[in-house]
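Biologist: I would like a close look at one part of this model, with the surroundings described afterwards. Please give the cut-offs as you go.

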Amino acid sequence: MDSWCVGAAPRGVASGGPAGDVGRRRWHSQRLAESTGFDDPADVVRWMGAVQAQDYGQSLWALAARLREPSIAAVEAAVEAGTILRTWPMRGTIHWVPAADAHWMVALSQDRMLSAHRARQRQLGITDDTVDRARDLLVGALRGGRRLARPDVMATWTDGGVVVDGQRGYHLLWVLAHERLIAIGPMAGRQQTFVLLDEFVPAGDRAAYDDPGSELARRYLRSHAPCTPKDFAWWAGITLAEARRRFEVAGAVPATTNRRDLWAPLPLTPGTGPTTLPTGVGLIAGFDEFLLGYQQRGDVLPTEVASRIVPGNNGIFLPGVVEDGIVVGTWRRVVTRDRVDVTVVPFGPTAPSQDALTRAAGRYAKAVGRAVVAVTVER
């Protein structure tokens with residue numbers, strides 16, 4: 001656990017609202033502070049444990065934002081090189097994971113997820129024979145290091161007599177990924193591709209742990225602290241009792257905050273780490289782990305404006321503007337051939353300074369390879 005001093009709540013946070021202390025600590029733990037970024041996207045994913053990736057475009061920025069030199073091209077190169085990939089390791093949701101860890105991460109929840117979705121499988125009219133047929137067809141189409149775009153997978157199944165209309169095709173992909181047969185490969189233009197996991201990550205390249213559940217807890221603690229066992233239970237899709245046990249094995253200790261339920265990892269080297277909490281402005285992706293990595297988000301997102309991050313409560317998280325550890329607005333961008341235009345929508349009557357917003361937007365522009373960035377505040 002790093003040693004921080006507690007600072008004042010950031011400008012614009014109402015009395016009784018979230019305290020910036022927790023948010024700034026998480027900003028540091030999640031390596032969103034510029035000074036703590038990584039050089040390699042694979043190191044980002046390994047540090048985080050897993051990173052939300054249900055929105056591919058947003059997830060590229062979620063990884064690039066944690067690089068010392070932000071670059072979406074570097075993230076895509078890591079995918080092509082096979083060091084990171086997307087699959088369904090937890091909660092039935094797509095995440096980035098280190099390729100070497102994909103097998104054991106999916107295995108942690110494999111039986112639980114497949115069992116929980118048996119009723120849905122029956123509703124869709126998918127029998128065990130259907131799954132067997134789909135598996136055989138897809139293995140035959142992918143064997144030899146081939147990749148198939150999603151429409152081609154569906155065509156392969158249709159030609160082989162497997163019905164894929166409605167949600168059947170997606171469910172079959174989901175089942176086979178949970179069997180650790182397939183994973184999502186590099187993109188082909190705008191299309192997902194699928195690969196055989198055993199070919200994309202050969203046995204000699206796979207990591208193994210004696211206690212993989214506790215390894216996942218260690219990674220979550222170091223990258224999401226300060227956090228609660230409830231946060232980890234929700235994130236990992238496990239029971240609260242198991243989450244508490246995993247925290248104990250992982251060496252969780254009380255975080256030095258005014259909340260007794262928050263925990264952090266045991267320090268590897270006492271006295272190391274920053275002496276002050278990180279401050280500043282950053283632009284986070286939609287579905288970023290800074291928000292989605294926790295069951296309870298009130299420490300960084302004021303309750304009264306939470307609906308503005310998820311308009312209509314439809315499960316779609318907009319990109320957020322974070323100032324001193326608190327989400328203070330949303331942002332959107334238009335990328336053209338040589339520039340990026342960023343529009344910031346603050347939650348309150350004031351916004352972060354223009355200089356701070358321009359610096360934050362400049363990191364995004366650098367990530368997408370654009371030389372010019374302009375920021376407009378929409379009131």
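In which helix do R218 and E215 both lie, and how many residues apart are they?

Modeller: First, the basis: this is a predicted model, in which local features need pLDDT of at least 70 and side-chain atom pairs count only at pLDDT 80 or more, while totals for chains, interfaces and linings use all residues. Residues are numbered from 1 along each chain as its sequence is written, and side-chain values use heavy atoms, with hydrogens and water left out.

R218 and E215 both belong to helix α11, residues 212-224, and sit three residues apart, about one turn of the helix. Helices here are DSSP runs of H or I with at least four residues, strands are runs of E with at least two, and both are numbered from the N terminus. The two side chains form a salt bridge, with the closest N and O atoms 3.4 Å apart. The term requires a side-chain nitrogen of Lys or Arg within 4 Å of a carboxyl oxygen of Asp or Glu. By this rule the model has 21 salt bridges.

E215 also forms a salt bridge with R219, where the closest N and O atoms are 2.8 Å apart. E215 and R219 are separated by about one helical turn because they are four residues apart in α11. Through shared partners, salt bridges join D101, E215, R218 and R219 into one network.

The members of this network that lie in α11 can be sorted by relative accessible area: buried means under 20%, exposed over 50%, and partly exposed in between, using a 1.4 Å probe and protein chains only. R218, at 33%, counts as partly exposed. E215 is at 11% and therefore counts as buried, and R219, at 2%, is buried as well.

R219 also takes part in a helix contact. Helix α2 (residues 41-48) packs on α11 at an angle of about 105°, with the axes 7 Å apart. Axes are lines fitted to C-alpha atoms, for helices over the stretch in contact, and angles run from 0 to 180 degrees between N-to-C directions. That angle makes α2 roughly perpendicular to α11, since 65 to 115 degrees counts as roughly perpendicular, under 35 as roughly parallel, over 145 as roughly antiparallel and the rest as oblique. R46, W47 and M48 of α2 meet R219, R222, S223 and H224 of α11; contact means heavy atoms within 4.5 Å. By class, this contact has two nonpolar, two polar and three charged residues. Ala, Val, Leu, Ile, Met, Phe, Trp, Tyr, Cys and Pro count as nonpolar, Asp, Glu, Lys and Arg as charged, and the others, Gly among them, as polar.

Further along the chain is helix α12, residues 229-236, which is largely enclosed by the rest of the structure because six of its eight residues are buried. Those six are P229, D231, F232, A233, W235 and A236. G237 follows α12 and has a positive phi, near 70°.

Before α11 in sequence, D198 and R206 form another salt bridge, with the closest N and O atoms 2.9 Å apart. D198 is partly exposed at 43%, and R206 is partly exposed at 29%.

A second helix pair involves α5 and helix α9 (residues 168-178), which pack at about 130° with their axes 9 Å apart. α5 is therefore oblique to α9. V106, Q110, M113 and L114 of α5 make the contact with W174, V175, A177 and H178 of α9. This contact has six nonpolar, two polar and no charged residues. Q110 lies in α5, which spans residues 102-116, and is buried at 13%. Leaving out residues up to four places away in sequence, Q110 touches H178, E179 and R180.

The last element to describe is a sheet. Five strands form an open sheet in the order β9-β10-β11-β12-β13, with mixed pairing. β9 (281-284) and β13 (372-377) are at the edges, each with a single partner strand, so one side of each has no neighbour in the sheet. The twist averages 30° from one strand to the next. Two strands pair if DSSP finds at least two bridges between them. β10 (residues 320-323) and β11 (residues 326-335) pair in the antiparallel sense over four bridges, with V321 opposite G329 of β11. Helix α16 (residues 354-367) lies across β9, β10, β11, β12 (339-346) and β13, and runs at about 135° to β13.
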